[in-house]
Structure formats: C-alpha cells, structure tokens
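Please keep the structure open in your viewer while you read, and make each selection as it is named. The tour goes from one interface to another.

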Amino acid sequence: EMAKLTQLLDNEAFRAYATYATIVLLKMMLMSLITAYFRVTRKAFVNPEDAASLGKGESAKKYLRTDQDVERVRRGHLNDLENIVPFLGIGLLYALSGPDLSTALMHFRIFAGARILHTFAYLIPLPQPSRGLSWAIGYAVTVSMAYKVLKTAWYL
Amino acid sequence: EMAKLTQLLDNEAFRAYATYATIVLLKMMLMSLITAYFRVTRKAFVNPEDAASLGKGESAKKYLRTDQDVERVRRGHLNDLENIVPFLGIGLLYALSGPDLSTALMHFRIFAGARILHTFAYLIPLPQPSRGLSWAIGYAVTVSMAYKVLKTAWYL
Amino acid sequence: EMAKLTQLLDNEAFRAYATYATIVLLKMMLMSLITAYFRVTRKAFVNPEDAASLGKGESAKKYLRTDQDVERVRRGHLNDLENIVPFLGIGLLYALSGPDLSTALMHFRIFAGARILHTFAYLIPLPQPSRGLSWAIGYAVTVSMAYKVLKTAWYL
C-alpha cells in the first residue's frame with residue numbers, strides 16, 4: 001500500500017501544495033527565532049527564569065519588560081498563525097479537489113509571496129498600505145480556494 | 001493518478017469534513033475583518049504606521065490605544081485558533097478512519113454549530129454560561145473524534 | 001471507495017502520524033482546561049460576564065485582573081500553537097512522503113516527548129535551559145521533516 005499512499009505526491013498540484021505549505025510554515029517558524037533574537041539583544045523577557053541568566057534577584061527583574069521590537073515580531077507571528085492555518089486546511093482540501101495545475105500554482109505562489117511580503121512590511125516596517133495590502137491578497141487567495149473546495153465537496 | 005487522488009472527495013464523510021472544515025475556517029477568518037472594523041471605527045491601533053493616516057506626529061499617537069471591543073474580538077479569534085486547529089487535525093484523521101457517515105455528520109455539525117454560537121456569545125456578549133457551554137460542546141466533540149482516531153490508528 | 005480511503009490508515013507511518021498528532025493536539029487542548037482552572041482558583045478573569053458569577057457590579061470588577069499563573073499557562077498554550085501547527089502540516093506531508101517507518105517513528109516520538117517536556121518546563125517552571133532546550137528539539141525535528149518533504153515533493 002506504500003505505492004498507493006505516495007501516489008498523493010505523484011500528483012503535481014499536491015506536490016506544489018506540499019512545497020508551498022512547507023515554505024510558509026518554515027517562514028512562520030522563523031518568527032520564533034526572530035523573537036528570541038530581539039528578546040536577547042533588547043534584554044526584554046517575560047519569564048523570570050529567562051531573565052535569571054542576566055543577573056540575580058532584583059538585578060534580573062529589570063529585564064522583565066516589554067520591548068516594542070519584540071512585540072512587533074510577536075504580532076507578525078500571531079498574524080501568520082491566523083492566516084497560515086486557514087491556508088493549510090483550505091489549501092490541502094483545494095489540492096485534493098482536482099484543480100488545474102496552473103491555477104493551483106498561481107494560488108499557492110501568490111499566497112506565499114504575499115505572506116513573505118507581509119513579514120517584511122511588518123518588521124521593517126513599511127508604510128501602509130503595504131502590510132494591509134499583502135494581508136488582503138493572501139486572504140483573497142484563501143477565500144478563492146475555499147470557494148472551489150465548497151463547490152467541489154459541498155456536503156452539509 | 002488524478003482520478004485516484006480525487007477519490008478522497010468521492011467519499012461522503014470526507015466531503016462532509018471538507019465542507020465543515022472550510023466553513024469554520026472562513027468563520028475564523030471573519031474575525032480578522034471584525035477586528036479591522038472595530039480598529040477603524042473605534043480608532044484604536046497598535047502599530048504607529050496604521051494610525052499615521054489619522055494624523056501626523058503627536059496627533060496620531062492618541063490613536064495608539066487598546067479598546068475593549070477590539071480586545072474582545074481578538075480574544076474570540078485566539079479562542080478560535082485554539083479550538084479550530086485541533087478540529088482541523090483530528091477531524092481530518094477522523095474522516096480518514098472510516099466513521100459512519102451519520103455519526104461523522106453529527107460530529108461536524110455540532111462542532112460547527114457550537115463554534116458559531118461561541119462567536120455570537122463572545123461578541124454580543126451573551127451572559128454566561130452561553131460562551132462556556134458552546135466552548136465545551138466543541139471541545140467534547142473534538143475529544144470524541146480523537147478517541148475514534150486513536151482506537152483506529154493506534155501505533156505508538 | 002471506502003476501502004481505498006482507509007488505506008491511508010493501513011500504512012504504518014501514517015498511523016504513527018495519526019497517533020502522535022492526536023496526542024500532541026489533546027495535550028494542547030489540555031492547556032485550555034488548565035487556564036480555566038487557574039482563572040477560577042485565582043479569581044482572575046478578563047471578561048466581565050465571566051466575573052459576574054462572583055459578585056455584582058463593583059464587587060465583581062476586582063476579579064477582572066491578570067494573574068501571573070494564568071498568564072504563564074496562556075504563554076505555554078500560544079507556544080504550543082506556534083509549534084504544533086507546523087508539526088501538524090509538515091508531519092502530515094512527511095508521513096505521505098514515504099519515510100522509513102523507524103525514522104518516522106523517531107521523529108514523531110522525539111517531537112511529542114519534547115513538547116510534553118516543554119509544558120512541564122513552562123508550568124512548574126523548571127530553570128532554563130529546560131524549556132529552551134525542549135522547544136529547540138521539537139523545532140529541529142520539524143525542520144528535519146520539512147527537509148524530507150521538500151526533497152520529495154519539490155515543485156515550485
């Protein structure tokens with residue numbers, strides 16, 4: 001049954017989904033590293049046990065603080081979760097709904113590009129409407145895939 | 001192999017999963033729009049570049065504030081993430097575990113109904129235990145599906 | 001087609017994925033119950049309608065407050081979301097990419113173990129680097145699975 005199972009990855013639209021889903025998830029995971037980087041360089045921690053390495057008792061307490069750069073990365077990370085989770089679920093079902101390969105590729109490429117742009121727009125930050133627009137494009141692509149899924153699978 | 005691939009969507013329990021998963025994900029995505037709506041109408045932003053359109057320098061700073069309605073929608077959104085992510089993963093595996101169609105439909109319908117109720121209970125807000133109960137029903141449905149998945153797939 | 005569909009769960013690597021994915025999702029869901037437990041015992045609520053059962057008007061307002069234990073559980077929950085969502089998506093694709101059964105089991109077991117350890121490290125809390133290390137191990141396992149997925153499925 002191994003051959004049957006891996007046939008999913010013989011399908012080009014599914015392979016494209018696998019590739020782009022993995023890329024956007026790795027991009028989202030990168031946000032954890034960027035948060036950690038800013039926490040260490042800005043010396044801004046939230047857990048006492050994390051600040052403990054920088055000093056003892058009262059002297060460590062001053063590192064328990066919020067930092068604007070850290071908070072900005074965390075907002076970007078949460079926005080990724082809010083938008084990449086729908087892409088993961090709807091995109092998987094879309095890839096299984098028998099889309100045109102070229103149409104599927106267009107959806108996946110635009111979504112991934114929009115989310116990468118969104119990250120740069122958030123972290124640099126770029127003036128609006130850069131972030132708003134890149135967010136809206138990823139959102140619209142997900143809604144378009146959802147429409148195809150519902151049209152193909154509809155069973156209430 | 002396209003025919004083999006799309007056979008997943010020939011299965012009625014899987015089609016029901018695809019339909020309900022897409023519906024709850026679209027409902028979750030709606031929270032982003034509601035948040036944006038309240039941020040704009042309440043003039044309550046968190047990023048300086050977002051408030052910049054409302055004024056320059058000091059006059060824009062007064063719009064960098066938290067608003068109770070915005071925060072309420074954001075809590076509803078996070079609660080969706082915490083509960084819809086388990087449904088997505090466990091529900092997919094459940095749909096692949098060969099459930100009775102009518103049992104599967106019952107699980108999916110109750111989950112989707114409970115999460116939609118939860119959103120109304122959170123945003124209006126309705127007095128407790130409306131929100132608590134709708135949360136608990138969705139939670140129990142997910143645990144019930146997890147039990148079926150573990151019974152069918154168990155391989156540690 | 002039911003037979004074809006459930007063939008996914010005939011594959012041992014896929015069954016292992018189903019088992020471990022369900023376990024880590026149930027573990028994540030447990031965080032909601034722990035949060036609720038601390039909110040009730042610490043009398044620390046965020047929604048006025050939740051505090052209403054403890055008193056009326058002004059007397060209920062004093063229970064609208066943040067509590068360090070509640071916040072700690074919530075950070076653990078969010079960290080789960082940030083790390084278990086990538087495992088869900090990448091792990092599913094990895095299980096479909098035809099991995100060695102023993103290699104796949106090793107990945108899933110280490111990930112699940114690391115995330116359970118992470119929860120204990122966060123909630124007790126254990127001194128660092130316990131939490132940092134368990135986080136990093138789960139992260140590395142996910143990156144390793146992502147590498148296999150991209151090598152097998154690559155289609156840009």
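## Where chain C meets chain A

Begin by showing chain C and chain A together, and look for the charged pairs between them, of which the count is three salt bridges. Keep in mind throughout that this is a predicted model.

To see one of these salt bridges, select A:Glu49 and C:Arg72, whose side chains meet with a distance of 2.8 Å from N to O. If you then widen the view to polar contacts across the interface of chain C and chain A, there are 12 residue pairs to find, with both residues at pLDDT 80 or more.

Next, colour helix H5 (68–96) and helix H7 (130–153) of chain C, which are the elements that give two or more residues to the side of chain C that touches chain A. H5(C) gives the most to that side, with 13 residues. Colouring the same side of chain C by residue class will show 24 nonpolar, eight polar and five charged residues.

Now select everything in contact between the two chains, which takes in 37 residues of chain C and 40 residues of chain A. Together chain C and chain A bury about 3,300 Å², and 70% of this area lies on carbon and sulfur atoms. Which residues of chain C lose the most area to chain A? Select C:Leu96, C:Tyr139 and C:Tyr155, which together account for 20% of what the chain C side buries.

## Where chain A meets chain B

Hide chain C for the moment and bring up chain B beside chain A, where the contact selection holds 37 residues of chain A and 40 residues of chain B. The area buried between chain A and chain B is about 3,300 Å², with carbon and sulfur atoms giving 69% of it.

How many salt bridges lie across the interface of chain A and chain B? There are three salt bridges here, and a view of B:Glu49 with A:Arg131 shows two side chains that meet in a salt bridge at 3.4 Å, N to O. Polar contacts across this interface of chain A and chain B link 12 residue pairs, again counted with both residues at pLDDT 80 or more.

For the last selection, highlight helix H5 (68–95) and helix H7 (130–153) of chain A, each of which supplies at least two residues of the side that touches chain B. The largest share of that side, 12 residues, comes from H5(A). Coloured by class, the side of chain A that touches chain B has 24 nonpolar, eight polar and five charged residues.

Note on methods
Residues are numbered from 1 along each chain as its sequence is written. Chains are lettered from A and ligands numbered from 1 in the order in which they are written. Side-chain values use heavy atoms; hydrogens and water are left out. Contact means heavy atoms within 4.5 Å. Buried area is the accessible area (1.4 Å probe) that two parts lose on being put together, summed over both. A salt bridge is a side-chain nitrogen of Lys or Arg within 4 Å of a carboxyl oxygen of Asp or Glu. A polar contact is a pair of N or O atoms within 3.5 Å; within protein, one must be able to donate a hydrogen and the other to accept it, and residues adjacent in sequence count only if both atoms are side-chain atoms. Helices (H or I, at least four residues) and strands (E, at least two) are DSSP runs, numbered from the N terminus. Ala, Val, Leu, Ile, Met, Phe, Trp, Tyr, Cys and Pro count as nonpolar, Asp, Glu, Lys and Arg as charged, and the others, Gly among them, as polar.
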